[in-house]
There are 2 protein chains.
Amino acid sequence: MTRISDVAQRANVSSATVSRALSGDIHVDSVTRQRVLDSAAALDYRLDGTARAMRRRRSDLIGLVISTIENPFFTEVAHAAEHAAQQRGYSLIICNTDEDPVEEQRYLNLLDTLLASGVILAPAPGTSLYLHRFIGGRLPIVLINRTLELPFPSVVCDDEDAAYECTSLLAQRGAKRIGAVTGLPDTSTTHNRLRGYHRALTDAGLASESQWEIFGGATVQGGYRAAQRLMSNGHAPDALLCFNNVMTQGGVMALMDMGMRWPDDVDIAGFGVFSTARLYRPPLTLVSQPTHEMGRRAVEMILDHPVQAAPAPVILQNRVVQSNAWPADNVAMTSAAHNIN
Amino acid sequence: MTRISDVAQRANVSSATVSRALSGDIHVDSVTRQRVLDSAAALDYRLDGTARAMRRRRSDLIGLVISTIENPFFTEVAHAAEHAAQQRGYSLIICNTDEDPVEEQRYLNLLDTLLASGVILAPAPGTSLYLHRFIGGRLPIVLINRTLELPFPSVVCDDEDAAYECTSLLAQRGAKRIGAVTGLPDTSTTHNRLRGYHRALTDAGLASESQWEIFGGATVQGGYRAAQRLMSNGHAPDALLCFNNVMTQGGVMALMDMGMRWPDDVDIAGFGVFSTARLYRPPLTLVSQPTHEMGRRAVEMILDHPVQAAPAPVILQNRVVQSNAWPADNVAMTSAAHNIN
DNA sequence: TTGTAGGCGTTATCAC
DNA sequence: GTGATAACGCCTACAA
């Protein structure tokens, strides 16, 4: 294997100078630098990442740890984060934990011992049980999407406002009994969305009945079944708010399969925009989430605030949209805009 | 920072023994081992990944380099690969190149200098220009989805057969003028799908007209416009085969927007299964691709054949399915089955 | 601007 | 089964 000393020898300089030239140190004569670069190129030499990281006690990696890579919400975050990291000379490494807290912990430890510059973490249920280990540690961590009862900085959406807005909209359109397909219990997102939902019901003078709130299981199938169950009730809702992107899909499917048309039979609104939503007539009312901004901001927070002071969460604005905008639209299509398969 | 010698001291052994105990070496007395593990736990100590990789000249990382993380095809591959890697004690690192060959090369170099155990690469257009650099190198590379004119092992789908089967099916259903929304030129996938398509046309005694073959631009919008253009032709096709997952979505959208019903006005079939496909009535004819098997096999090839002998491509079977199976279905839903947002 | 030299934390080798 | 020791390849005071 070719090492730094080989390049040094070929360029007639010391290995220190090669190191400086190759890492972009300014204190190198431009002629010398060029000679070094030429030698390195001739030998097809690149600095060894492991030795470099070991000696510097840091690597220019940022980890993005997500629970479900198959959720477009996270792939959009990943896309934006990758771009932001790359712009600043860092590499983004995406780790999928498959909703397994043990896996999640493994990846966090990996990134820690790999001396990553930071980790962007979308916490899964169970995360907080071990995360305290990293409080005040070497590894900067930024939470996205959900907050935890732990002093980490975070970037989230204004879930309460969006839920409020959707619910109010449903009420304005005439709904009297607004049901909810809710998300995972004990998460900040579900908590906030529920709060917005309840607040809107109150403000609209509508009743809030617990039988109209069902946890959707956080899957398409779960959303499907929850909506089906809600609508089969003798005293069924006349409108539905779905708390996340995949359950919204399931909810819509359920209505279609039950032969119910919106907004007449049941009105419906939900979090998350999906690529085929625009096909539905009438259009759906959906919450478009600022995934790209979330990814970008998280990277910035990692790089610009290496010392974690546990500031207040950064809250990004959701947008309530109608699903019929296209092809000019650059929101609904994002999750499936590219393909090289 | 706590180091291996601290643990050694606490356990009254040498650092060599700690190293052996912590890396699972068998040649350690079980009592000693336990003492070491206890000490390590007490000190919250974990081996330093960079030092370890540097000394061993390898890390237990597998890279997955894809061009578009927002394509469900690749996220499904990633999910399966992650699982397979984890099962064997490796960590999968996903890198998104955003279809930029420069980025792709950066990530390959990164994984190389990080001493990864191997890389699974979904080559983008332009890849082969620099990839020769890795031929016979330290870093095992397995290509997925597409093959290249380079001696790397690969795992692909039987694209020709699937295209043949779909085209034949359209012909059997009565289509006489079958058009194609094709994929990126100069790729093995497009090449093979075109071959299957043409072969089926010939076998069915149907004409092949170049005006019925349009490159879809490999996006939803591209598929939409291509389908629209094809169908606006005075001498329009009476059936359409779309060459990849997102263009299939675009194609379906175009037909709906033009008020055309399948299979009566135009019949349609396409590669890729998407989660909302089951809503369409009548069901769509889609090619379900073996993404999970692809991810799993690629990991196995990396780990079991570290010496690359450039064997023949591993070809996995596609399945032509109808899009109405659900909820028992475990194919169509895969790409959106999970959510914790 | 460049060189010298020491050490980052681990593991492979070789003794015992 | 365990210990001593010498690298692994690079970076960074410090000196020149």
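**View 1. Strand β6 of chain B sits inside the fold.** All of its residues count here: 5 of the 5 residues of β6 (residues 178-182) of chain B are buried, so this strand is largely enclosed by the rest of the structure. Buried means that 20 or more other C-beta atoms lie within 10 Å of a residue's own, exposed means 12 or fewer, and partly exposed falls in between, with C-beta atoms placed from the backbone. Strands are DSSP runs of E with at least two residues, helices are runs of H or I with at least four, and both are numbered from the N terminus. This is a predicted model, in which local features need pLDDT of at least 70 and side-chain atom pairs count only at pLDDT 80 or more, while totals for chains, interfaces and linings use all residues. Residues are numbered from 1 along each chain as its sequence is written, and chains are lettered from A and ligands numbered from 1 in the order in which they are written.

**View 2. The two faces of β6(B) are both covered.** In a regular strand the side chains alternate between the two faces of the sheet. On one side of β6(B) look for I178(B), A180(B) and T182(B), and on the other for G179(B) and V181(B); all are buried.

**View 3. β6(B) has parallel partners in β8(B) and β7(B).** Strands pair if DSSP finds at least two bridges between them. With β8 (residues 239-242) of chain B, the parallel pairing of β6(B) runs over 4 bridges, and G179(B) stands opposite L240(B) there. With β7 (residues 213-215) of chain B, the parallel pairing has 3 bridges, and A180(B) stands opposite E213(B). Follow the chain from β6(B) through helix α9 (residues 188-203) to β7(B), and you trace a right-handed β-α-β unit. Right-handed means that, with the strands pointing away from the viewer, the path from the first strand over the helix to the second runs clockwise.

**View 4. L64(A) belongs to the largest nonpolar core.** In soluble globular proteins, nonpolar side chains tend to be buried together. Here the largest nonpolar core has 90 residues, and those with the most contacts inside it are L64 and A81 of chain A, together with L64 and A81 of chain B. Such a core is a set of buried Ala, Val, Leu, Ile, Met, Phe, Trp, Tyr and Cys residues joined through C-beta atoms within 7 Å. Zoom in on L64(A): beyond its neighbours within four places in sequence, its contacts are A78(A), A81(A), L92(A), I93(A), I94(A), C95(A) and I120(A). A contact means that the C-beta atoms of two residues, placed from the backbone, lie within 7 Å.

**View 5. Chains A and B meet through 66 residues from each.** On the side of chain B that touches chain A, the elements giving two or more residues are α4 (49-56), α5 (72-87), β2 (91-96), α6 (101-113), α10 (220-232) and α11 (245-257). Of these, α5(B) gives the most, with 9 residues. By class, this side of chain B has 31 nonpolar, 27 polar and 8 charged residues. Nonpolar covers Ala, Val, Leu, Ile, Met, Phe, Trp, Tyr, Cys and Pro, charged covers Asp, Glu, Lys and Arg, and polar takes the others, Gly among them.

**View 6. One copy can be laid on the other.** A turn of 180° with a shift of 0.0 Å along the axis lays chain B on chain A with an RMSD of 0.1 Å. The two copies are thus related as by a two-fold rotation axis. The same surface serves both copies, as 100% of the contact residues of chain B recur in chain A. The superposition is by least squares on the C-alpha atoms of residues with pLDDT of at least 70 in both copies.

**View 7. Each chain has a cis peptide bond before P263.** In chain A, the bond from W262(A) to P263(A) has omega near 0°, and P263(A) is found in the loop between α11 (245-257) and β9 (267-271). In chain B, the bond from W262(B) to P263(B) has omega near -5°, and P263(B) lies in the loop between α11 and β9 (267-271).

**View 8. R57(A) and N12(B) have positive phi without being glycines.** For R57(A), phi is about 60°, and the residue is found in the loop between α4 (49-56) and β1 (61-66) of chain A. R57(A) counts as exposed, with 11 C-beta neighbours inside 10 Å. For N12(B), phi is near 60°, and its place is the loop between α1 (4-11) and α2 (15-22) of chain B. N12(B) counts as exposed, with 11 C-beta neighbours inside 10 Å.
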